[in-house]
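Trainee: Please take a close look at the ligand site in this model, and then at the side chains that deserve a separate note. I would like one connected account.

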Amino acid sequence: MRIDVLTIFPGWFEGPLTTSLLGKAAADGTLDVRVHDLRDWTTDRHRTVDDAPYGGGAGMVMRADVWINAAEAVWNDLPPEATAGRTGPPEGLAHVAGGPRPRTVLLTPRGRPLTQALARELAAEDRLVLCCGRYEGIDERAHELVATDEVSVGDYVVFGGEVAAAVVIEAVTRHVPGVMGNAASPVDESFSERLDTGEQLLEHPQYTRPSQVRGHGVPEVLTSGDHGAVGRWRHDQARELTERRRPDLR
Ligand code: ADE
């Protein structure tokens, strides 16, 4: 899978993309993640990506022309100079190969909430483009002409789309074959449907050695050797936890 990220803070992604399973997947070619500096599509000396809002008000708005020119280049695998400063009608906005543009996700608190189902859906794509907004928002024409999807990582506001894009990358790529290796299956986890009952449950509690920690032991059933009983206990615990913390999932 190829993922292109558009951001004014390309350095932000250095840690997340080179660490742990993502770093390994990038190194062995399972994932091809390319981070682009949005400012490479500006044409002024100050590399300006924002301006004051029409109609007044506080804060700055990211310019649509910069976003559109950047997306057009990334979709079509062109260097920034091929589209930077481009004006005129959007005839070049189609994917050059004539096919549809890749799924292009704009991270914004007004987007559709990221869920495990959406992560799985996006994982089926060959390519994704992630657009990280900053400032007060992005000119509406970039929403219309660039984004195929608008996604939020929760009902709160963070400083910018970078941290949200990192969440999307992790949630999506763990469903890409080869990324998780043998570490675990993404099936038997919180928010994944149980294959047997179809329920959406939070994950059951887990324990490991030592058996005593400051006077706190391990539930007896887990050391009983009775796999059936262990399975039933875990399912009961998952249901109880879900009922208590996330009754909306039931
Ligand atoms: N940018 C700022 N807050 C965000 C959120 N909750 N989700 C996605 N992008 C954001």
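Mentor: In this predicted model, a nitrogen atom of the ligand is 2.8 Å from a polar backbone atom of Y156. Backbone polar atoms of two other residues also lie close to ligand nitrogen: for G154 the distance is 3.1 Å, and for V158 it is 3.1 Å. The protein covers 96% of the 260 Å² of accessible area that the ligand has on its own.

Next, the shell itself. The residues around the ligand include L107, T108 and P109. Also among them are V151, S152, V153 and G154, and the list goes on with Y156, V157, V158, G160 and A164. Two elements give two or more residues to this shell, namely β5 (103-113) and β7 (149-152). The largest share, three residues, comes from β5. By residue type, the shell divides into eight nonpolar and four polar residues, with no charged ones. G154, Y156 and V158, whose backbone atoms were given above with their distances to ligand nitrogen, are members of this shell.

A separate side chain to look at is that of H143, which lies in helix α6 (residues 140-146). H143 counts as buried because its relative accessibility is 8%, and the cut-off for buried is under 20%. Two polar partners can be named for the side chain of H143. One is the side chain of R110, with which it makes a polar contact at 3.4 Å. The other is the backbone oxygen of I138, which lies 3.4 Å from a polar atom of the H143 side chain. Leaving aside residues up to four places away in sequence, H143 touches L106, R110, I138 and E150. R110 and I138 therefore appear both in that contact list and as polar partners of a buried H143.

The cysteines come last. The structure holds zero disulfides. C131 is in no disulfide, and its nearest cysteine sulfur, that of C132, is 7.5 Å away. Seen from C132, which is likewise in no disulfide, the nearest cysteine sulfur is that of C131, at 7.5 Å. A disulfide would need the two sulfur atoms within 2.5 Å, so this pair does not qualify. C131 is buried because its relative accessible area is 1%, and C132 is buried with a relative accessible area of 1%.

Conventions:
Residues numbered from 1 in each chain as written. Predicted model: local features only at pLDDT ≥ 70, side-chain atom pairs only at ≥ 80, totals over all residues. Heavy atoms only, no water. Near = heavy atom within 4 Å. Polar contact = N/O pair within 3.5 Å; in protein donor to acceptor, adjacent residues only side chain to side chain. Areas by Shrake-Rupley, 256 points an atom, 1.4 Å probe, with all protein chains shown as cover. Helix = DSSP H or I, 4+ residues; strand = E, 2+ residues; numbered from the N terminus. Nonpolar A, V, L, I, M, F, W, Y, C, P; charged D, E, K, R; others polar. Buried < 20%, exposed > 50% of the residue type's maximum accessible area, 1.4 Å probe, protein only. Contact = heavy atoms within 4.5 Å.
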